[in-house]
Amino acid sequence: MKIQTCSPIFTGNTIPKTKPISRDYILAKLLGLDTFVRTTFDIKRDLKNIRLKEKINEGRSREVFKTNFDGIVVGLAHGAKFRPKELKEFNDPNGLILAKDENGSTYLMEYIKGEPLYGRDWKLPCIKGKTHYLENLDMILNLPDETFAEYIRKVIKIRKTGYNIDTVNPNNFILNDNHIEIVDLEKNSVSPVIKLGDFDPFIDNTHILRVLKQMNQEEREDLANKIKIFYKRIRKIAARENQNIGKPTPCLNNFYKDNAKVYLYYKQWKKLNDLMEYWLK
């Protein structure tokens, strides 16, 4: 069967030549439209057919987009071009990444229900301020012990396979029905142990100086008490998982941001104020 067609645009009495178009060609074009694309993803069949839709999240290193397949998202490094033909299946130790390109600028991942620990935007805690931060912190601190125990086991498993987690951005951690899902890994062979820094996302250590800047002294005291109780609790949970976590210790560089949680833990207000003055000029 052949279908005749011609362009609707012509000049004068000149009629363009008709060009036969096969039924198979039309069907292929229809299947390329969003409304006709299969929504059930099969990695063997559909890996090269992924297309980006709207952006749903953004982190320090990459953006996350919906795709034309239900339950499948793409994590794309800032400034990178999306090239689906370069994606290859990936054996992810965390079980979330389905495929990636050779340089790791593009991840194809299963969509995880839930919310990032402190919101869907990298700068969100700073924009919304201390109220937003404290509401999220209280929600996190009230999670059951098993949530953190499971998180510890997951981090150890990931590191045993030669990968590490990015603890800088709390957006890399999705809270899904009392389960912490880790959505950003990097190839980096490290010792499979748990450190205090692995819990930085739960207090949003990256933004904590800006939050403290918005607080009065009474609020800072209250935050210090909450974090101290949290760290003591974490050490006990880790001990039950045969992991030894020490108390916070300052870094050699007095103006290293990571010292914020240390000074807060020990209520060293002068050092904390110096740190804020240095970083928040």
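Accessible areas here come from the Shrake-Rupley method with a 1.4 Å probe. The model is predicted.

**Exercise 1. The whole protein**

Task: State how much surface the protein exposes, and what share carbon and sulfur atoms supply. Then state what percentage of residues count as buried.

Solution.
- Step 1. The protein exposes about 16,100 Å².
- Step 2. Carbon and sulfur atoms supply 52% of that area.
- Step 3. The protein has 281 residues, and 44% of them count as buried.
- Step 4. Add the secondary structure: 10 helices and 13 strands.
- Step 5. Turn to contacts with a separation of 6 or more: residues 24 or more positions apart account for 59% of them.

**Exercise 2. Two residues with positive phi**

Task: Find where aspartate 204 sits and where lysine 267 sits. Decide whether each is buried or partly exposed.

Solution.
- Step 1. Start with the background: most residues other than glycine have a negative phi.
- Step 2. Aspartate 204 is not a glycine, yet its phi is positive, about 50°.
- Step 3. Aspartate 204 lies in the loop between helix H6 (200–203) and helix H7 (208–213).
- Step 4. The relative accessible area of aspartate 204 is 1%, so it is buried.
- Step 5. Lysine 267 is not a glycine either, and has a positive phi of about 55°.
- Step 6. Lysine 267 is in the loop between helix H9 (259–265) and helix H10 (269–279).
- Step 7. Lysine 267 has a relative accessible area of 32%, so it is partly exposed.

**Exercise 3. Salt bridges**

Task: Count the salt bridges. Then work through the pairs of lysine 55, arginine 83 and glutamate 181.

Solution.
- Step 1. Side chains of opposite charge can pair when their charged atoms come close.
- Step 2. The cut-off is 4 Å, from a side-chain nitrogen of Lys or Arg to a carboxyl oxygen of Asp or Glu.
- Step 3. The count comes to 18 salt bridges.
- Step 4. Lysine 55 meets glutamate 63 at 3.1 Å, N to O. Lysine 55 is partly exposed at 41% relative accessible area. Glutamate 63 is buried at 18%.
- Step 5. Arginine 83 pairs with glutamate 86 at 4.0 Å, N to O. Arginine 83 is partly exposed, at 42%. Glutamate 86 is partly exposed, also with 42%.
- Step 6. Glutamate 181 bridges to lysine 154, with the closest N and O atoms 3.4 Å apart. This pair links distant parts of the chain: glutamate 181 is in strand E12 (residues 179–182), lysine 154 in helix H5 (residues 145–160), and 27 residues separate them. Both glutamate 181 and lysine 154 are buried.
- Step 7. Finish with a network: salt bridges link Asp138, Asp222 and Lys226.

**Exercise 4. Charges in helix H8**

Task: Place lysine 228 and arginine 235, then describe the surroundings of each.

Solution.
- Step 1. Lysine 228 is in helix H8 (residues 217–240).
- Step 2. Its relative accessible area is 32%, so lysine 228 is partly exposed.
- Step 3. Lys228 joins Lys232, Lys236 and Lys247 in a patch of positive charge on the surface.
- Step 4. Arginine 235 also lies in helix H8.
- Step 5. Arginine 235 is buried but has no salt bridge. Aspartate 200 is the nearest side chain of opposite charge, 12 Å away.
- Step 6. Leaving aside residues up to four places away in sequence, arginine 235 touches Ile245, Gly246, Lys247, Pro248 and Tyr265.

**Exercise 5. Lysine 213 and tryptophan 279**

Task: Say which helix holds lysine 213 and which holds tryptophan 279. Then list the contacts of lysine 213 and the nonpolar patch residues.

Solution.
- Step 1. Lysine 213 lies in helix H7.
- Step 2. Lysine 213 is exposed because its relative accessible area is 51%, and the cut-off for exposed is over 50%.
- Step 3. Lysine 213 touches Arg220, Met276 and Leu280, not counting residues up to four places away in sequence.
- Step 4. Glycine 129 is 84 residues from lysine 213 in sequence, and 9.9 Å from it in space, C-alpha to C-alpha.
- Step 5. Tryptophan 279 is in helix H10. At 35% relative accessibility, tryptophan 279 is partly exposed.
- Step 6. Trp279 makes a nonpolar surface patch with Phe255 and Tyr278, of about 280 Å².

Key: Residues numbered from 1 in each chain as written. Predicted model: local features only at pLDDT ≥ 70, side-chain atom pairs only at ≥ 80, totals over all residues. Heavy atoms only, no water. Patch = residues over 30% accessible without salt bridge, like charges linked within 9 Å, V, L, I, M, F, W, Y side chains within 5 Å. Lys, Arg positive; Asp, Glu negative; His and termini not counted. Charge placed at Lys NZ, Arg CZ, Asp CG, Glu CD. Helix = DSSP H or I, 4+ residues; strand = E, 2+ residues; numbered from the N terminus. Buried < 20%, exposed > 50% of the residue type's maximum accessible area, 1.4 Å probe, protein only. Contact = heavy atoms within 4.5 Å.
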